[in-house]
Amino acid sequence: MSTRVTFDVVIVGGGPAGASLALHLVRDRGILPERICVIDAAQFPRDKPCAGAVSSLGVETLAAVGVSIDVPAIAMRGLRVLHEGGHGATRAPLGVVIRRDAFDTHLLHSARNDGVVVREGEGLVALSSDGGGYRVTTSRGVLFARHLVACDGAASRTRKLLGLREPARKGHLYVGDTEAMASDAGPREQLCDFDLDVCSRGLEGYYWDFPTPDPRGTSGTLPRHTSRGIYHANITPSSRVKAELFACLRERGIRGDDMRLKPFPTRPFVAETVLEHEGILFVGEAAGIDRTTGEGIAQSIVMGKIAASALARGLRMGRAEAGCYADAVRSSRVGRHLLQSAWLAERVYGAPGLRYRRFLRDSAAARRAGAAWYAGERLSKITKAKLALALGVEGMRVALV
Ligand SMILES: Cc1cc2nc3c(=O)[nH]c(=O)nc-3n(C[C@H](O)[C@H](O)[C@H](O)COP(=O)(O)OP(=O)(O)OC[C@H]3O[C@@H](n4cnc5c(N)ncnc54)[C@H](O)[C@@H]3O)c2cc1C
């Protein structure tokens, strides 16, 4: 007879959300690492196409549990907003750009080095309730969990097995990278370029040029490559995303056909987002990410921290407290940021958003506020008042959230 293997917490998915959760459970909440199991369908380093921008919020949250960015990284020193032939630039520390294969492996293997049971190449196949916990069937066998957490990303198998409906249409991204070019004015100075002109052509999002580390893994202060891609928030469906990306690349003298480009979905965090279902927590993109930027690494890392706190409480009390994690996320800074972002995406990217886009291009104060918001900082009362004054009634909402 085979032995029944029971863990306090089984985490499905070892990306930034799952690894952060495991690290916080051990380092921040004192849960025994051997009581935690992370399963991931992939073998790390896994291919994770991504622009790799991790905002300061994510970097600082990891640093607080003793995880430094020990992989090649380029500091993001600010941003440029490109619109209608002009641009506005702001210098402010935003975080770092990393390569996901190296970064995600570093995080997951840090948890493994702490003693967490990490099972790579083992995917979730089925799940059911079992007494007070869960029976988890994987591609390699069966394990049991007192608590189960879904960190399995945009295509979350857990959500599918539970029959959860999408709360909103998924966003679309295409990403690729090339060697840095002489025309990469922003990335050359380690600034991230956000080109909002695609909005004037009916897309809800932006084209980006970000400085990125050399894929061969060398670090250094000067970016040698540029990550390029397009994000469409997909509030209104469009079949023109790839065509628009090719048009943006052409403007920069790049043939899209020469790049390895693949489309990827992103699940947005919106008001209706499900964070808990039948006692199972959803963390990172399995719940949802930033709808304005299409980004979610830092947000996933912070949600991992919040989930660790809720689970530790549940383990101490011997049961999960319904709603505790969902309430904690929604009332946290990251939760409010995500909701604000869902609200902003609908305003900034649609036709009425033209004045927001011009405001971002023309106003240094607006870009400074945008940069601080991106980096996860709290906006000061004075900044909020200035935004409210400049944008009128709509701005009041931006300032208040
Ligand atoms: C093209 C593109 C560019 C992006 N650029 C940025 C950016 O610059 N900055 C940013 O912050 N965000 C960016 N994002 C979003 C970012 O990738 C996500 O926010 C982030 O990966 C979410 O982390 P996660 O841990 O929740 O999910 P993931 O990183 O997706 O991790 C989920 C893990 O679950 C595993 N898994 C899946 N199914 C199963 C299963 N059945 N069983 C077990 N394991 C399973 C997967 O193998 C994976 O390792 C980008 C996304 C795309 C698509």
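In which sense, left-handed or right-handed, does α2 pass α8? In this predicted model, the crossing of α2 past α8 is left-handed. Helix α2 spans residues 56-63 and helix α8 residues 297-317, and their axes come within 7 Å of each other while crossing at roughly 35°. On the α2 side the contact is formed by L57, G58, T61 and L62, which meet I297, A298, I301, V302 and K305 of α8. Sorted by class, the residues of this contact comprise six nonpolar, two polar and one charged.

Helix α8 is also approached by helix α1, residues 16-27, with the two axes coming within 7 Å and crossing at roughly 40°. Because angles from 35 degrees up to 65 degrees fall outside both the roughly parallel and the roughly perpendicular ranges, this value makes α1 oblique to α8. The passage of α1 across α8 is right-handed, whereas that of α2 across α8 is left-handed. From α1, the residues P16, A17, S20, L21, H24 and L25 take part, and they are met in α8 by I297, S300, I301, M303, G304, K305, A307, A308, L311 and A312. The contact of α1 with α8 contains eleven nonpolar, four polar and one charged residues. I297, I301 and K305 of α8 thus appear in the contact with α1 and also in the contact with α2.

A further partner of α8 is helix α9, residues 324-331, where the axes come within 9 Å and cross at roughly 145°. The crossing of α8 and α9 is right-handed, and the contact joins M303, I306, A307, S309, A310 and R313 of α8 to C324, Y325, A328 and V329 of α9. Eight nonpolar, one polar and one charged residues make up the contact of α8 with α9. M303 and A307 of α8 are named in this contact as well as in the contact with α1.

At the level of domains, the assignment for the chain gives domain 1 (6-50 + 101-167 + 269-338), domain 2 (80-97 + 170-264) and domain 3 (352-400). The centres of domain 1 and domain 2, taken over C-alpha atoms, are separated by 30 Å, and the contact between these two domains takes seven residues from domain 1 and ten residues from domain 2. On the side of domain 1 that touches domain 2, the residues divide into four nonpolar, one polar and two charged.

The ligand is surrounded by 38 residues, of which the closest are G13, G15, G153, G284 and G296. Both domain 1 (6-50 + 101-167 + 269-338) and domain 2 (80-97 + 170-264) give residues to the shell around the ligand, and the ligand therefore lies between them. Among the elements of secondary structure, α1, β2 (36-40), β10 (171-179), β14 (262-266) and α8 each supply at least two residues of this shell. The shell around the ligand has 19 nonpolar, twelve polar and seven charged residues by class.

Two features of the backbone are found in loops. The peptide bond leading from F44 to P45 is cis, with omega near 0°, and P45 is placed in the loop between β2 and β3 (53-55). E84, although it is not a glycine, has a positive phi of about 50°, and E84 is located in the loop that runs between β4 (73-83) and β5 (86-98).

Methods: Residues are numbered from 1 along each chain as its sequence is written. This is a predicted model: local features need pLDDT of at least 70, side-chain atom pairs count only at pLDDT 80 or more; totals for chains, interfaces and linings use all residues. Axes are lines fitted to C-alpha atoms, for helices over the stretch in contact, and angles run from 0 to 180 degrees between N-to-C directions. Helices (H or I, at least four residues) and strands (E, at least two) are DSSP runs, numbered from the N terminus. A crossing is left-handed if the near helix is turned anticlockwise from the far one by less than a right angle, and right-handed if clockwise. Ala, Val, Leu, Ile, Met, Phe, Trp, Tyr, Cys and Pro count as nonpolar, Asp, Glu, Lys and Arg as charged, and the others, Gly among them, as polar. Angles under 35 degrees count as roughly parallel, over 145 as roughly antiparallel, 65 to 115 as roughly perpendicular and the rest as oblique. Domain bounds come from an automatic or database domain assignment. A residue is near a molecule or strand if its C-beta atom, placed from the backbone, lies within 6 Å of it.
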